[in-house]
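Trainee: I would like to take a close look at the nonpolar core of this model. Could you describe its members and the strands around them in one connected account?

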Amino acid sequence: QVQVVESGGGLVQAGGSLRLSCAASGSIFSINAMGWYRQAPGKQRELVASTTSGGSTNYADSVKGRFTISRDNAKNTVYLQMNSLKPEDTAVYYCNTVAISTMTYRPYAYWGQGTQVTVSS
């Protein structure tokens with residue numbers, strides 16, 4: 001139905017920057033929202049940032065002022081610009097897309113496979 005693919009992860013030193021990309025494709029009728037989550041080993045997955053089709057955004061307190069989420073509706077793509085990275089930002093980052101497919105015409109949350117972000121001291 002709908003596929004979600006992340007890219008842009010990697011290894012970076014503390015204070016550096018990375019830009020993550022997430023592209024949704026397939027039988028998409030509409031996308032209601034897109035967001036980024038992260039999960040470190042032994043910890044639960046947590047919301048990092050999200051955005052709706054109307055343009056509203058939401059950020060975790062730990063990343064406010066450092067991360068910026070943006071969306072290109074025409075390309076069904078969302079980005080996460082990460083600046084001033086800290087070692088505690090190390091995690092697998094997952095993209096989530098709430099979309100309505102042309103197969104079901106019902107909203108559903110689709111997850112990507114994740115991309116590793118490692119911040120060294």
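Mentor: In this predicted model, the largest nonpolar core holds 30 residues, and those that touch the most other members are W36, V48, F67, L80, M82 and Y93. Two or more residues each are contributed to this core by β1 (2-7), β3 (18-26), β4 (28-39), β5 (46-52), β7 (67-72), β8 (77-82), β9 (91-101) and β11 (115-120).

M82 serves as an example of these members. Beyond the residues up to four places away in sequence, M82 touches G16, S17, L18 and L20, as well as R66 and F67, and finally Y93 and V117. Two of these partners, F67 and Y93, are themselves listed with M82 among the core residues that touch the most other members.

Several of the contributing strands belong to one sheet. Four strands, in the order β1-β3-β8-β7, make up an open sheet with antiparallel pairing. Its edges are β1 and β7, each of which pairs on one side only. On average, and with direction ignored, neighbouring strands of this sheet are turned by 15 degrees against each other. Between β1 and β3, the antiparallel pairing extends over 6 bridges; V2, for instance, has G26 in β3 as its bridge partner.

Strand β8 also contains T77. The relative accessible area of T77 is 8%, which is under the 20% limit, so T77 counts as buried. A polar atom of the T77 side chain lies 2.9 Å from the backbone oxygen of K75. Neighbours within four places in sequence aside, T77 is in contact with C22 and A23, with M34, and with S70, R71 and D72.

R106 offers a contrast in exposure. R106 is placed in the loop between β9 and β10 (107-111). With a relative accessible area of 55%, R106 is over the 50% limit and is therefore exposed, whereas T77 is buried. The contacts of R106, again without its neighbours within four places in sequence, are with A99, I100 and S101. R106 can also be located relative to F29: the C-alpha atoms of these two residues are 9.6 Å apart in space, while 77 residues separate them in sequence.

Methods
Residues numbered from 1 in each chain as written. Predicted model: local features only at pLDDT ≥ 70, side-chain atom pairs only at ≥ 80, totals over all residues. Heavy atoms only, no water. Core = buried A, V, L, I, M, F, W, Y, C linked by side-chain atoms within 4.5 Å. Buried < 20%, exposed > 50% of the residue type's maximum accessible area, 1.4 Å probe, protein only. Contact = heavy atoms within 4.5 Å. Polar contact = N/O pair within 3.5 Å; in protein donor to acceptor, adjacent residues only side chain to side chain. Pairing = 2+ DSSP bridges. Axes fitted to C-alpha atoms, helices over the stretch in contact; angles between N-to-C directions.
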